[in-house]
Amino acid sequence: MAIRVSLVVETSSPSIARSPTYEMRPQSLIRESAKLADEKAFASLLTDSIRESIEDSLGKNVLALLVSKGLLDDPENPRELERQLNSTFGNASSVLERIIMKGLYQKLRIPFDSNLSFDYAKTLEVARNVHLVESRRK
Amino acid sequence: MSEAQQIIATLLSSEVRGDLLVLFHRNSGLVDTIDGVARRIGRTGFSIENDVRDLVKLGVLKMKKIGSSEVILLDRARDREVLEAVANHIKSVNRSERS
């Protein structure tokens with residue numbers, strides 16, 4: 001997400017038109033930039049979880065090969081990650097997805113219930129929401 | 001199914017096996033009873049018996065008798081071989097995708 005910030009220049013000339021972004025209040029700017037920072041922090045946690053989970057289950061070489069195939073090019077797109085893991089590991093990919101999410105939940109201190117039915121995208125969304133709510137609280 | 005595909009299927013056919021792999025790779029010197037290992041991954045000894053047996057059959061884990069207890073540990077040499085086979089399989093998939 002890009003934030004447009006205009007330089008505020010005091011002028012008495014009525015002929016200078018003000019862009020809409022000119023009116024952006026500092027408070028909302030701060031909120032936007034905090035939100036961006038939270039999203040960036042979450043993306044970094046997710047990338048770490050993917051890396052650690054693959055390396056800890058299948059080793060450094062496998063991780064390096066998957067990264068070279070583009071596994072971490074778009075980590076926040078759950079469908080893309082599922083597609084990539086499935087094309088390499090077939091049915092076994094669902095266990096890797098669980099391991100990744102378990103790692104992420106551990107980092108976020110969210111209890112992970114293995115008995116519940118699992119959907120990678122939904123589980124990721126829950127983690128993202130918890131992270132954002134927790135970040136706002138701090 | 002190729003040998004590598006069978007290996008992948010054996011390694012990752014259940015969440016318990018995934019948990020066991022992560023546990024032993026993070027703690028490669030770990031030696032513990034089946035109940036102790038189960039506790040470390042938040043399960044019971046009974047619930048991981050089958051998965052441990054299959055990983056022992058594959059050779060990644062091994063059982064050893066210490067006194068009156070039977071313990072589980074990682075067979076590092078065989079583990080390296082198995083992970084190498086998985087890596088080679090991915091390389092061959094990559095090659096066939098490119099050609």
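Three strands of chain B form an open sheet, in the order β1-β3-β2, with antiparallel pairing. β1 (31-33) and β2 (61-66) of chain B stand at the edges with a single partner strand each, so one side of each has no neighbour in the sheet. From one strand to the next, the twist averages 40°. The model is a predicted one.

**The sheet of chain B**

β2(B) and β3(B), the latter covering residues 69-74, pair in the antiparallel sense over six bridges. Within this pairing, Ile66(B) has Ser69(B) in β3(B) as its bridge partner. A hairpin links β2(B) and β3(B), with two residues between them. Gly67(B) lies in that turn and has a positive phi of about 60°.

The other pairing joins β1(B) to β3(B). Here three bridges hold the antiparallel register. Thr33(B) stands opposite Val71(B) in β3(B).

In a regular strand, side chains alternate between the two faces of the sheet.

**Chain B as a whole**

Chain B has five helices and three strands. Read from the N terminus, its elements run α-α-β-α-α-β-β-α. Its C-alpha atoms fill a box of roughly 55 × 25 × 20 Å along the principal axes. Of the 99 residues of chain B, 28% count as buried. Among contacts in chain B with a separation of 6 or more, 49% come from residues 24 or more positions apart.

**Two helices and their buried residues**

α2(B) and α1(A) can be set side by side. In α2(B), the span from first to last C-alpha is close to the expected value at 1.5 Å a residue. For α1(A), the span is likewise close to the expected one.

| Helix | Residues | Span, first to last C-alpha | Expected span |
|---|---|---|---|
| α2(B) | 12 residues | 16 Å | 16 Å |
| α1(A) | 33 residues | 48 Å | 48 Å |

Which residues of α2(B) are buried? They are Val16(B), Arg17(B), Gly18(B), Asp19(B), Leu20(B), Leu21(B), Val22(B) and Phe24(B). These buried residues pack against elements of both chains. In chain A the partners are α1 (26-58) and α4. In chain B they are α1, α4 (45-58), β2 and β3.

In α1(A), the buried residues are Phe42(A), Leu46(A), Ser49(A), Ile50(A), Ser53(A), Ile54(A), Ser57(A) and Leu58(A). They pack against α2 (60-68), α4 and α5 (120-137) of chain A. They also pack against α2 and α5 of chain B. After α1(A) comes Gly59(A), with a positive phi near 95°.

**Ser53(A)**

Ser53(A) is placed in helix α1 of chain A. Ser53(A) counts as buried because 22 C-beta neighbours lie inside 10 Å. Leaving aside neighbours within four places in sequence, Ser53(A) is in contact with Leu96(A), Ile99(A), Ile100(A) and Gly103(A). Lys138(A) is 85 residues from Ser53(A) along the chain, and their C-alpha atoms are separated by 28 Å.

**A helix pair in chain A**

Two packed helices are described by the angle between their axes and the distance between the axes. For α3(A) (residues 78-89) and α4(A) (residues 93-107), the axes come within 8 Å and cross at roughly 135°. The two helices α3(A) and α4(A) are therefore oblique to each other.

Which residues of α3(A) and α4(A) meet? From α3(A) come Glu82(A), Leu85(A), Asn86(A) and Phe89(A). From α4(A) come Ser93(A), Leu96(A) and Glu97(A). The residues of this contact divide into three nonpolar, two polar and two charged. Leu96(A) also appears among the contacts of Ser53(A).

**Where the chains touch**

How many residues does each chain give to the contact? Chain B gives 18 residues and chain A gives 16 residues. On the chain B side, the elements that give two or more residues are α1 (3-11), α2 (15-26) and α5 (76-98). α5(B) supplies the largest share of that side, seven residues. The chain B side divides into 10 nonpolar, five polar and three charged residues.

Terms used:
Residues are numbered from 1 along each chain as its sequence is written. Chains are lettered from A and ligands numbered from 1 in the order in which they are written. This is a predicted model: local features need pLDDT of at least 70, side-chain atom pairs count only at pLDDT 80 or more; totals for chains, interfaces and linings use all residues. Two residues are in contact if their C-beta atoms, placed from the backbone, lie within 7 Å. Helices (H or I, at least four residues) and strands (E, at least two) are DSSP runs, numbered from the N terminus. Ala, Val, Leu, Ile, Met, Phe, Trp, Tyr, Cys and Pro count as nonpolar, Asp, Glu, Lys and Arg as charged, and the others, Gly among them, as polar. Two strands pair if DSSP finds at least two bridges between them. Axes are lines fitted to C-alpha atoms, for helices over the stretch in contact, and angles run from 0 to 180 degrees between N-to-C directions. Angles under 35 degrees count as roughly parallel, over 145 as roughly antiparallel, 65 to 115 as roughly perpendicular and the rest as oblique. A residue is buried if 20 or more other C-beta atoms lie within 10 Å of its own, exposed if 12 or fewer, and partly exposed in between; C-beta atoms are placed from the backbone. The expected span of a helix is 1.5 Å times one less than its number of residues.
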